[in-house]
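These are my notebook entries on one structure, written down in the order in which I looked things up. I begin with a single residue and work outward from there.

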Amino acid sequence: MTQLLLSWIESANGADTPFPLNNLPYGVFSVGEGDLRCGVAIGDRIVDATGLEAAGVLRADADADVLDAPFWNDFMALGPAAWDHYRAGLTALLSAEASEADQDQVVTYSVPMAEATLHLPFEVTEYTDFYAGRHHAVNVGTMFRGAENALPPNWLHIPIGYNGRASSVVVSGTDIRRPWGQLKGPDDEAPRWAPSARFDIELEMGAIVGQASSGPIGVDTADGNIFGYVLLNDWSARDIQAWEYQPLGPFQAKATATTISPWIVTKAALEPFRCDTPARVHELLPHLRDTSPMLYDIELAVTLTPQDGAVSTISRTNYNEMYYSAAQQLAHHTTSGCPMRIGDLLGSGTISGPEQGNRGSLLELSWGGKEPFALADGRVRSFIEDGDTLTLQGAAHGDGYRIGFGACTGTVLPAHDDPFKG
């Protein structure tokens with residue numbers, strides 16, 4: 001395991017900071033009424049990557065400004081060699097051995113993180129969400145089909161997914177409005193129109209595609225095409241989903257919002273934390289077989305905070321619980337010839353572990369609402385209530401340091417008045 005890399009920025013050297021020199025995640029920020037700019041998190045500061053490029057201090061491309069737009073997509077297009085070269089340049093500027101001149105440049109082109117507003121770090125071109133966590137799939141399948149039929153026959157052979165809405169993706173801190181929808185009526189009665197009463201989260205990781213492809217690619221190529229990762233909350237209206245999902249799967253139940261954390265943690269920063277996928281029940285077909293460790297040891301947690309209550313940690317799990325890696329998901333996505341584009345976002349699917357306290361959704365934690373769970377202040381929840389703030393947190397832990405993502409948070413607001421009422 002690599003050790004903490006020391007920076008001349010003292011706030012980056014503590015064991016508790018999510019943004020040590022080992023991390024250097026990419027985001028987009030603004031200060032006051034200023035323009036949106038590309039930035040890099042280091043300790044309690046944001047380095048203005050757009051400013052460094054314009055000043056000629058650190059450029060990703062010698063011939064073009066790729067960081068003068070409010071997203072990192074143009075930088076991703078340069079490819080893995082450029083990614084590595086730029087990261088090396090950043091590390092040199094920020095390391096404890098940096099010259100005074102380099103330090104002065106960084107001071108000029110950086111701001112306190114507390115003074116900045118964070119925005120979506122990349123332009124989401126397409127969004128696909130998977131259903132690739134075995135514990136979650138077994139839990140949900142058991143609730144609805146019984147333990148003997150929990151997993152459909154295809155589940156252990158392919159990563160199942162659905163195409164979501166890129167327009168639904170928002171950055172952490174964005175309020176989420178409870179959705180209206182068509183809900184199943186009792187017995188054979190007609191469905192009814194009402195706000196969702198079973199609004200939920202899904203604790204996921206999001207993989208960001210950094211290189212385009214136009215035909216089938218293997219797992220190793222897919223892994224090389226992934227730029228980095230974010231935390232992802234797939235907000236889910238379970239009662240809308242229960243009525244609409246047959247026969248084609250989720251639609252409006254998943255279209256309200258998808259929240260992501262504000263910092264892209266690069267694959268390079270996560271390299272020391274690679275780990276294997278779980279043992280296979282069936283050998284996968286050649287295009288999906290594991291060739292090397294392609295999951296990551298990333299500890300994850302979910303907190304729920306009522307509007308006037310205490311913070312409760314309601315779940316703890318780990319990304320290493322996934323049955324399929326992001327590289328396998330991406331490789332499978334391309335098998336039909338489906339083109340993948342720079343900025344495509346792949347949701348992992350809900351990450352749950354084997355125990356009750358490891359479940360990554362309220363649907364599982366309350367077992368479909370039948371077993372409400374207690375919060376720190378004594379209240380109970382089955383699903384999200386208005387005013388609740390849900391926060392996903394994640395970090396990989398090294399020797400004296402941690403690689404964090406920043407919080408992935410959203411507060412649920414009451415549904416609007418009936419938009420179709422006379």
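**Entry 1: Ile 403.** In which strand is Ile 403 found? I looked it up in the model, which is a predicted one, and I found Ile 403 in strand β26, made of residues 402–404. With a relative accessible area of 0%, Ile 403 is buried, because anything under 20% is counted that way. I then listed what Ile 403 is in contact with, leaving aside its neighbours within four places in sequence, and the list includes Pro 18, Pro 20, Asn 22 and Asn 23. Val 265, Ala 269, Leu 270 and Phe 273 are also among the contacts of Ile 403, as are Gly 394, Ala 395 and Ala 396. I also took one distance here: Thr 17 is 386 residues from Ile 403 along the chain, yet their C-alpha atoms are separated by 8.2 Å.

**Entry 2: the whole chain.** I next turned to the overall values, and counted 10 helices and 27 strands in the protein. The radius of gyration is 22 Å, close to the 22 Å that the globule rule gives for 422 residues, so I note the protein as being as compact as a globular protein of that length. Along the principal axes, the C-alpha atoms fill a box of roughly 75 × 50 × 40 Å. Of the 422 residues, 53% count as buried, and the accessible surface comes to about 17,600 Å², with 51% of it belonging to carbon and sulfur atoms. Among contacts between residues at least 6 apart in sequence, I noted that 71% join residues at least 24 apart. For the charges, I wrote down 26 positive and 53 negative ones, whose mean positions are 8 Å apart.

**Entry 3: helix α5.** How many residues does helix α5 have, and what should they span? Helix α5 has 12 residues, 134–145, which at 1.5 Å a residue should span 16 Å; I found its end C-alpha atoms 15 Å apart, which agrees. His 136, Ala 137, Asn 139, Val 140 and Gly 141 are the residues I noted as buried in α5, and what covers the buried residues of this helix includes α10, at 362–365. After α5 comes Gly 146, which has a positive phi, near 90°.

**Entry 4: backbone angles.** I kept the following in mind while going through the angles: most residues other than glycine have a negative phi, and most peptide bonds are trans. Leu 24, in the segment before β1 (26–30), has a positive phi near 55°, and with a relative accessible area of 0% Leu 24 is buried. Trp 367, in the loop between α10 and β23 (373–374), also has a positive phi, near 50°, but Trp 367 is partly exposed, with a relative accessible area of 21%. The peptide bond that joins Gln 246 and Pro 247 is cis, with omega about 10°, and I placed Pro 247 in the loop between α7 (238–244) and β16 (258–260).

**Entry 5: Asp 234 and Thr 334.** Is Asp 234 buried or exposed? Asp 234, which lies in strand β14 (residues 226–234), counts as buried at 0% relative accessibility. Its contacts beyond four places in sequence include the acidic residues Asp 129, Asp 200, Glu 202 and Glu 204, and also Lys 254. Tyr 127, Tyr 162, Ile 201, Ala 257 and Thr 258 are in contact with Asp 234 too. Thr 334 has its place in the loop between α9 (326–333) and β22 (345–347), and Thr 334 likewise counts as buried at 0% relative accessibility. Not counting residues up to four places away in sequence, Thr 334 touches Ser 213, Gly 215, Pro 216, Ile 217 and Met 340.

**Entry 6: Trp 193.** Which residues does Trp 193 touch, when those up to four places away in sequence are not counted? I found Trp 180, Gly 181 and Gln 182 on the list, together with Asp 418, Pro 419 and Phe 420. Trp 193 is found in strand β11 (residues 192–195) and is partly exposed, with a relative accessible area of 39%. As a last distance I took Trp 193 to Glu 148, which are 45 residues apart in sequence and 34 Å apart in space, C-alpha to C-alpha.

Definitions and conventions. Residues are numbered from 1 along each chain as its sequence is written. This is a predicted model: local features need pLDDT of at least 70, side-chain atom pairs count only at pLDDT 80 or more; totals for chains, interfaces and linings use all residues. Side-chain values use heavy atoms; hydrogens and water are left out. Helices (H or I, at least four residues) and strands (E, at least two) are DSSP runs, numbered from the N terminus. The radius of gyration is taken over C-alpha atoms; the globule rule is 2.2 Å times the number of residues to the power 0.38. Buried means under 20% relative accessible area, exposed over 50%, partly exposed in between (1.4 Å probe, protein chains only). Contact means heavy atoms within 4.5 Å. Accessible areas come from the Shrake-Rupley method with a 1.4 Å probe; for residues, only the protein chains shown count as cover. The place of a charge is taken as NZ of Lys, CZ of Arg, CG of Asp or CD of Glu. The expected span of a helix is 1.5 Å times one less than its number of residues.
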